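Welcome! Work through these exercises with the model open beside you, and try each task before you read its solution.

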Amino acid sequence: MTPIALMGALEIGLIFALVALGVLISFRILDFPDLTADGSFPLGGAVAATLIAGGHDPWLACGFGALAGAVSGLVTAWLHVRLNILQLLASILVMIALYSINLRIMGAPNMPLIGSPTVFAPFIGEALENSWLVQPAVLAVIIVAAKIALDLFFASQTGLAMRATGANPRMARAQGVATERMVLAGMALSNALIALAGALYVQTQGGADVSMGVGTIVVGLAAVIIGETLLPSRKLWVITLATIIGALLYRLLIAVALNADFIGLQAQDLNLITALLVGGALVLPQLKAKLRRKGGKAS
Amino acid sequence: MMRAEQLFKTFNPGTPIENPVLRGLSLTIESGQFVTVIGSNGAGKSTLLNAISGDLFVDSGSLHIDEQDVTRVPAWQRAGMVARVFQDPMAGTCEGLSIEENMALAWHRGRSRGFGRAIRAEQRELFRDKLAMLKLGLENRLADRIDLLSGGQRQAVSLLMASLQPSRILLLDEHTAALDPKTAAFVLELTDRIVQENKLTAMMVTHSMRQALDHGHRTVMLHQGRVVLDVSGDERKQMQVSDLLAMFEKTRGEQIDDDALLLG
């Protein structure tokens, strides 16, 4: 694998680290199985691409992309806590609705951003010779900032209340936590991160496409599962770190698999590899536990 | 002070499994009073407790805590007035969080939560001191996950958590039922101590007539969703479990067939 291909894999891995942090909040912290991601990721991309194409500042475009994602998460959570729609179903409804909304926002199935300003542009030379290094570097800074902000939030009074909401809602209410509000806020935060990832993604890929969200949730979940398999911990700052490592590792493994000619895999095999990887990561902890039990008996 | 007036609650109304649990229950608990509540299965003990905590709303009747009408106030908004310890040790603490994180949650019960650190150094000191009171060695395990503790240890921590902030009423829901007799005795003794030291108003639901008479100032018996017996003072001091049984049978004019009530 060439250094450029490696950095390319890292770049996408970093973007999906943001997605994975969002998925961590919904699936793990709030215990809310949320598929909105497949709609909120392209939503963030669509909003950002439309604003950038309209001549607006790319950072502002990222902000509004994240804001749009927050609203979509809020709607999913509201469908569940207020209208009592099953979590999974509520998120599927929002995901489907977002497909139409994304088409409306862009006015077309795709929107090229070639030559438009991006958040990376100020650091890239005129001949684009260093973009393969600059883009992952800028993304790394954003991901580290997001991780630290999340770690601080979940160590705060409100953050602790949010974790309690997911772990034991009845106990949380008995301690005076407004659990419904926590679910609404957490889902908004989760999808804001995912949409921000979408907004950054369109700027690295040179355009937005309405179908770019397909499989987002699976990749995010894969990263979370790989992370917690490799680095099991109950400490939140370790969990967020593991999630980021999981996302990077996942993209690297994919890149290696696709680049190894002797395996004979091609780009269209991506989803199959993802399914195998996630399946393997799910089975691994059980195998480990089984081995440990056997070891215990022998001693 | 807690005042419940004419509480009615029916589960599954209008269906074949319709179940009228509370049928005009009235009960007033004065400030500083420790009331024990007994009754057979289905008498309405848990429903009364959940109504006071706000986990469920009654169909009719009113609930006041210190003159404030809380009949329609959701559980989380009542939390500043109501502290509680659950029957299931798992239910009262937050699995996956550490001992100190659980205590920090309880330390903010009924207070507004901001974005400041949940656990500061002075709180950690306070938690350590409180835990040291238990003499279980937990003061050195602040960062341990709470699910590593035994049921008795978790109930003891739950009691501490309930007393970290002032409350108008402490609800104890058969909080020793899931423990072995020795641990149950320890948790009960701790309960008495915490209630006395903090001069708490408390309501303890129990399955055991023995416990009901040995703890607190006043004993109330529920049957079919109403208060059928209410003893306190000297009358209660001289009372034996057998007297309680006799009074119950006289009042209701029927035999008790709930073994748990007799054997406890």
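## Exercise 1: Two helices across the chains

H6(A) and helix H4 (residues 99-107) of chain B pack at an angle of about 105 degrees, with axes 10 Å apart. Keep in mind that this is a predicted model.

**Task.** Decide how H6(A) and H4(B) are oriented to each other, and find which residues meet there.

**Solution.**
- Step 1. Begin with the angle, which is about 105 degrees. Angles of 65 to 115 degrees count as roughly perpendicular, so H6(A) is roughly perpendicular to H4(B).
- Step 2. On the H6(A) side, look for Leu160(A), Ala161(A) and Ala164(A); they meet Glu101(B), Ala104(B) and Leu105(B) in H4(B).
- Step 3. Sort the residues of this contact by class: five are nonpolar, none is polar and one is charged.

## Exercise 2: Where the chains touch

**Task.** How many residues of chain A are in contact with chain B, and which helix of chain A gives the most to that side?

**Solution.**
- Step 1. Count on both sides: 20 residues of chain A are in contact with 27 residues of chain B.
- Step 2. Look for helices in chain A that supply at least two residues each to this side; H6 (157-167) and H7 (169-174) both do.
- Step 3. H6(A) gives the most, with seven residues.
- Step 4. Divide the touching side of chain A by class, and you get nine nonpolar, seven polar and four charged residues.

## Exercise 3: A helix pair inside chain A

**Task.** Work out how helix H2 (residues 37-53) and helix H9 (residues 216-230) of chain A are arranged.

**Solution.**
- Step 1. The two helices pack at an angle of about 105 degrees, and their axes are 7 Å apart.
- Step 2. H2(A) and H9(A) are therefore roughly perpendicular to each other.
- Step 3. Ala37(A), Asp38(A) and Phe41(A) of H2(A) make the contact with Thr216(A), Ile217(A) and Gly220(A) of H9(A).
- Step 4. These residues divide into three nonpolar, two polar and one charged.

## Exercise 4: Annotated spans

**Task.** Use the UniProt record to pick spans in both chains, then look at what they are made of.

**Solution.**
- Step 1. The unreviewed UniProt entry places "transmembrane region" at several spans of chain A, including residues 88-107 and 238-258.
- Step 2. Residues 88-107 of chain A are 95% helix and 0% strand, with end C-alpha atoms 29 Å apart.
- Step 3. Residues 238-258 of chain A are 100% helix and 0% strand, and here the end C-alpha atoms lie 30 Å apart.
- Step 4. For chain B, UniProt lists "domain: ABC transporter" at residues 2-249, also from an unreviewed entry. That span of chain B is 36% helix and 24% strand.

## Exercise 5: Positive phi

**Task.** Are Gln6(B) and Glu67(B) buried, partly exposed or exposed, and where does each one lie?

**Solution.**
- Step 1. Recall that most residues other than glycine have a negative phi.
- Step 2. Phi of Gln6(B) is near 50 degrees, a positive value, and Gln6(B) is found in strand S1 (residues 2-11) of chain B.
- Step 3. Gln6(B) has 13 C-beta neighbours inside 10 Å, so Gln6(B) counts as partly exposed.
- Step 4. Phi of Glu67(B) is near 70 degrees, again a positive value, and Glu67(B) lies in the loop between strands S4 (60-65) and S5 (68-69) of chain B.
- Step 5. With 7 C-beta neighbours inside 10 Å, Glu67(B) counts as exposed.

Conventions
Residues are numbered from 1 along each chain as its sequence is written. Chains are lettered from A and ligands numbered from 1 in the order in which they are written. This is a predicted model: local features need pLDDT of at least 70, side-chain atom pairs count only at pLDDT 80 or more; totals for chains, interfaces and linings use all residues. UniProt positions are given in the numbering used here, feature names are shortened, and annotations may be inferred rather than shown by experiment. Helices (H or I, at least four residues) and strands (E, at least two) are DSSP runs, numbered from the N terminus. Two residues are in contact if their C-beta atoms, placed from the backbone, lie within 7 Å. Ala, Val, Leu, Ile, Met, Phe, Trp, Tyr, Cys and Pro count as nonpolar, Asp, Glu, Lys and Arg as charged, and the others, Gly among them, as polar. Axes are lines fitted to C-alpha atoms, for helices over the stretch in contact, and angles run from 0 to 180 degrees between N-to-C directions. Angles under 35 degrees count as roughly parallel, over 145 as roughly antiparallel, 65 to 115 as roughly perpendicular and the rest as oblique. A residue is buried if 20 or more other C-beta atoms lie within 10 Å of its own, exposed if 12 or fewer, and partly exposed in between; C-beta atoms are placed from the backbone.
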